[in-house]
Amino acid sequence: MKTERWRRSIQILFFILIALIAVNHTLSESGASIPIPFLADASLHAVCPFGGVVTVFKLVTQGGFVQKIHESSLVLGIAVFAAAILLGPAFCGWICPFGTFQEFVSKFGRKLLGKKFGKLIPKKLDGILKYLRYAVLIWVVVMTAISGKLIFSDIDPYYALFQFWTGEVAIAGFIALGIVLVMSLFVERPFCRYACPYGAFLGLTNLFRFMPIHRNASTCISCSKCDKACSMGIEISNKTTIRDPRCISCLLCTSDAVCPVSNTVEMKVIPYQEIRNAK
Amino acid sequence: MRNKAALIAAVLVLSLAAGYGISKASGYWKTKSSKNPMKISQGKFAGENDPGDIRGSYSFDDIQAAFGIPPEMTAAAFGLTGNNPGALQAKSLENTWGELEGGMEIGTDALRLFTALWTGLPYIAEETTVLPKAAVDILETYQRIDTGKAAELRLTAVKLPNAAAGEEISSEPAQPEDHETPDRMVRGLTTFSELKGWGVTEEMWLEKFDIPMGSRSASMKDWAEDTGLSMSEIKSSSQEMVDSGA
């Protein structure tokens, strides 16, 4: 399972990197720091690409950044968005340490619940809840624009996870982290599915990305293994090109992973002619 | 590239590395605030540094560079000292004083307010923000505010433990005390903040007057005018409450 090995390696690499940055920032505030040159003593906010999204309004209207956000966030935000135009929200499926954390907890959930895992939320409810993250995105962007402050950090479970030792995490952040932790035992990536504003933003690139996931209907044997593998709950087996905003480009559904038929589910540039023929 | 996983890994790592590399090379990459506050965009102070943009990471040296307040002055105003007051950061106020009794706060916002008052620039502080008494004294002594404004600020100002007694100033956390009225005598200018500090609770107040207490900065005289009750009745009844709670 080469695909999964690649993905896990990248996930672990970035999880360790972010953890090191978070610890190093705490150490630097007390006068010590890990001598890793490019890490410097950046804060967690400084290396979060979502900061680049929420600060855009202030940057355009006032020429400055919202509190705790710096140029680095904007640079990373642009880099991640550029990659997403090509590959969709691969950042979520491959890099985001909080996604990795949820997947890790869900492994225990699968062991505990067996086949019952993932059945906690009925499909109908899931179909409604999947829009919740857009409400969160709008709320965060609007409130940040109004206040000029990073308001989401108070309820951000990702921030709570990587800063729990600092005393800077609000109670609401710990509560959010606790809820995500418990829910991850029952559902794959609950925060990504229902609440992540950055996932909601990046997810929109699925609508126009150059290399979407494609299912070749003529060779598909309708085994639904792709549906079961999807950590975001997308039904792949009834689509040809996956334009669902929830797709995180993890590639678990593809013929390089669970799909038993080669060249049937794959990420590729869809030539215009092929799209026309499919219609 | 046939291996799509390798493609994704390469694109992600390269895009981040390119973003970092290009911005670093061009000098745009910054993971810390530039310590240059934003400019006020409109009104008669347009173009001036905005005290409202002071952040927790600003050192007292940064404040001096942007607003011209000597770091020793800022440190004294907030009851902090050390060999190098210029290196102290705005957020050290949060760590040293932070939230006070009654939900009031001395933190970065108090420094913004102090800076605005020192420079005469506009800034509306948060409702819970208060200044130390020493800060008000400094502002008045250096004629940055008039006596009327000083009196207004003193209604809510708190006396920090090391500020008046000539004790060695330190940034060790300490419990601030309410400003001076050692005899606990209720007067017309006594505020609800003081009353609460003397042990008078909302419940005691309601039981006696059947009307809620005023805001923390409101004085007995203000409350008497608002409610139409006589000052002497308020004074005697509240004095009883203070004495019974002592």
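In this report, helices (H or I, at least four residues) and strands (E, at least two) are DSSP runs, numbered from the N terminus. The structure described is a predicted model.

## The two chains

Chain A contains 14 helices and 3 strands. Its length is 279 residues, of which 47% are buried. Among its contacts with a separation of 6 or more, 65% are between residues 24 or more positions apart.

Chain B has 11 helices and 4 strands. It comprises 246 residues, and 33% of them count as buried. For contacts in chain B between residues at least 6 apart in sequence, the share joining residues at least 24 apart is 53%.

## The contact between the chains

Chain A contributes 32 residues to the contact, and chain B contributes 22 residues. On the side of chain A that touches chain B, at least two residues come from each of α1 (2-29), α4, α5 (90-95) and β3 (265-267). Helix α4(A) gives the most to this side, with 10 residues. By class, the residues on this side of chain A are 19 nonpolar, 8 polar and 5 charged.

A helix pair spans the two chains: helix α4 (residues 71-87) of chain A packs with helix α1 (residues 4-25) of chain B. Their axes lie 9 Å apart, at an angle of about 150°. Angles over 145 degrees count as roughly antiparallel, and α4(A) and α1(B) are therefore roughly antiparallel to each other. The crossing of α4(A) past α1(B) is right-handed.

Which residues of α4(A) meet α1(B)? They are Glu71(A), Val75(A), Leu76(A), Ile78(A), Ala79(A), Ala82(A), Ala83(A), Leu86(A) and Leu87(A). Their counterparts in α1(B) are Ile8(B), Val11(B), Leu12(B), Ser15(B), Leu16(B), Ala18(B), Gly19(B), Tyr20(B) and Ser23(B). The contact of α4(A) with α1(B) consists of 14 nonpolar, 3 polar and 1 charged residues.

## A helix pair within chain B

Helix α6 (residues 133-141) and helix α7 (residues 147-154), both of chain B, cross at roughly 180°, and their axes come within 10 Å. This makes α6(B) roughly antiparallel to α7(B). From α6(B), the residues Lys133(B), Val136(B), Leu139(B) and Glu140(B) meet Thr147(B), Ala150(B), Leu153(B) and Arg154(B) in α7(B). The contact of α6(B) with α7(B) divides by class into 4 nonpolar, 1 polar and 3 charged residues.

The loop between α6 and α7 of chain B holds Ile145(B). Is Ile145(B) buried or partly exposed? A residue is buried if 20 or more other C-beta atoms lie within 10 Å of its own; Ile145(B) has 19 such atoms and is therefore partly exposed. Setting aside residues up to four places away in sequence, Ile145(B) touches Leu117(B), Leu139(B), Glu140(B) and Ala150(B). Of these, Leu117(B) is 28 residues apart from Ile145(B) in sequence, with 6.9 Å between their C-alpha atoms.

## Nonpolar cores

In soluble globular proteins, nonpolar side chains tend to be buried together. The largest nonpolar core here has 81 residues. Those with the most contacts inside this core are Ala83(A), Ala90(A), Phe91(A), Cys253(A) and Leu12(B). Helix α4(A) gives the most to this core, with 8 residues. Two of the residues named in the core, Ala83(A) and Leu12(B), also take part in the contact of α4(A) with α1(B).

Leaving aside neighbours within four places in sequence, Cys253(A) is in contact with Ile213(A), Cys226(A), Ala229(A), Cys230(A), Ile236(A), Val258(A), Cys259(A) and Val265(A). Apart from the largest core lies another core, of 34 residues, including Ile106(B), Leu111(B), Ala135(B) and Leu153(B).

## Positive phi in two loop residues of chain A

Lys68(A) has a positive phi although it is not a glycine, and Ser249(A) likewise has a positive value in a residue other than glycine. The table sets out these two residues.

| Residue | Phi | Loop in chain A | C-beta neighbours inside 10 Å |
|---|---|---|---|
| Lys68(A) | about 75° | between α3 (56-62) and α4 | 20 neighbours |
| Ser249(A) | near 55° | between β2 (241-242) and β3 | 30 neighbours |

With 20 C-beta neighbours inside 10 Å, Lys68(A) counts as buried. Ser249(A), with 30 C-beta neighbours inside 10 Å, counts as buried as well.

Methods:
Residues are numbered from 1 along each chain as its sequence is written. Chains are lettered from A and ligands numbered from 1 in the order in which they are written. This is a predicted model: local features need pLDDT of at least 70, side-chain atom pairs count only at pLDDT 80 or more; totals for chains, interfaces and linings use all residues. Axes are lines fitted to C-alpha atoms, for helices over the stretch in contact, and angles run from 0 to 180 degrees between N-to-C directions. Angles under 35 degrees count as roughly parallel, over 145 as roughly antiparallel, 65 to 115 as roughly perpendicular and the rest as oblique. A crossing is left-handed if the near helix is turned anticlockwise from the far one by less than a right angle, and right-handed if clockwise. Two residues are in contact if their C-beta atoms, placed from the backbone, lie within 7 Å. Ala, Val, Leu, Ile, Met, Phe, Trp, Tyr, Cys and Pro count as nonpolar, Asp, Glu, Lys and Arg as charged, and the others, Gly among them, as polar. A nonpolar core is a set of buried Ala, Val, Leu, Ile, Met, Phe, Trp, Tyr and Cys residues joined through C-beta atoms within 7 Å. A residue is buried if 20 or more other C-beta atoms lie within 10 Å of its own, exposed if 12 or fewer, and partly exposed in between; C-beta atoms are placed from the backbone.
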